[in-house]
Amino acid sequence: MAYFQLTEAMILTSFEKTGIDEKYYPIYAKIAKRYFKDLSKEGSNEDGQTEEDNYAISSLNLADEYITYYAKEAEKGHCEQWCDTIADKGENNYWAYRDAYDFIENEEEKEKELSIHAKSLNDDPVFVERYIYLFKEQEENSYEMAKEYSKAFHKWIDNGKSQNYAHGYAYAVSEKNYLDEYCKMFAEAYAMAKEHGKNDGEAISLGELCTDVLDQGIYSFLKKEYLRKYHEDWQIEFYYQKICEEEEQERKRALTQDERNGIREEIKWHMTQI
């Protein structure tokens, strides 16, 4: 038996110093006693304890840390199991939250707790949806990426762009870390694909292709491997518009109709080669 005992009075006094709502006192008292019991079992140098450093004080210090994390999560509306996991970890990083999520066996309860967690970080629906997706994908930087995604999405919505464009740009900047020029190209291609009934995977693939083209030169659109895979009318029209835009930038003037017609004929010729 340790020389310095943990008394009810010590527990109450220590708890009151935390300033935490008294409804959490029973949990605090329970965990303090558990820590004291564990430390007493593990300890091998009872004679070395002092008034300032002993198992009782250590158990109260640990209980202080535990209840701080526990109460914070409980006030968000989390269940006891979630709160206990976070408090036991003594951390509030991604992997602690991931454990709290994984340790819950009931699938419905898991999703409820994850929703509470996401909304406690940021109640913006765009952020919440993206954060939950990234969280489930085991992305350690879920918070930072979802925050950047949400910021970019709302920026382009405020600038009058479509939701598809905004989602495309947000994906490019948060997932790919593309520069602005590449994000814009990706967003245009992504939005065009979504507007023509393509799923996310197909829209992302087209967006990635188009950003690759910026590196290789816009006429890379006309390479056989690209046209063989992407040759629907709307895709070809998109390529045509991009090629015209680049030509006008290079010539620093608007293209004539004959020049535009020439580009269309060139695209048609390349189509015969696939």
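Helix 9 is a good place to start: it gives five residues, the largest share, to the lining of the largest pocket. Keep in mind as you look around that this is a predicted model.

The largest pocket has a volume of about 320 Å³. Of its 14 lining residues, Arg 130, Tyr 149, His 167, Tyr 190 and Asp 200 are the closest to the centre. Besides helix 9 (163-176), the elements that give two or more residues to this lining are helix 7 (125-136), helix 10 (180-195) and helix 11 (200-216).

The second largest pocket is lined by residues including Tyr 165, Glu 181, Lys 184, Met 185 and Glu 188, along with Lys 242, Glu 245, Glu 246 and Gln 249. Here helix 10 and helix 13 (233-251) are the elements that give two or more residues.

Here are the two pockets side by side:

| Pocket | Volume | Nonpolar lining residues | Polar lining residues | Charged lining residues |
|---|---|---|---|---|
| Largest | about 320 Å³ | six | three | five |
| Second largest | about 240 Å³ | four | one | six |

Now for the interior. The largest nonpolar core has 42 residues, and Tyr 169, Leu 206 and Tyr 239 have the most contacts inside it. Among the elements that give two or more residues to this core are helix 8 (142-158), helix 12 (224-229) and helix 14 (257-271). Helix 10 gives the largest share of the core, eight residues.

Tyr 169 is worth a click: leaving aside neighbours within four places in sequence, Tyr 169 is in contact with Ala 152, Trp 156, Asp 180, Cys 183, Lys 184 and Ala 187. Apart from this core lies another one, of 22 residues, among them Tyr 28, Ala 56, Ala 71 and Cys 83.

Key: Residues numbered from 1 in each chain as written. Predicted model: local features only at pLDDT ≥ 70, side-chain atom pairs only at ≥ 80, totals over all residues. Heavy atoms only, no water. 1 Å grid on protein atoms, 1.4 Å probe; cavity = no way out; pocket = protein on both sides within 12 Å on 5 of 7 lines; lining within 4 Å. Points joined across faces, edges and corners; volume = space filled by probe spheres on them. Helix = DSSP H or I, 4+ residues; strand = E, 2+ residues; numbered from the N terminus. Nonpolar A, V, L, I, M, F, W, Y, C, P; charged D, E, K, R; others polar. Core = buried A, V, L, I, M, F, W, Y, C linked by side-chain atoms within 4.5 Å. Buried < 20%, exposed > 50% of the residue type's maximum accessible area, 1.4 Å probe, protein only. Contact = heavy atoms within 4.5 Å.
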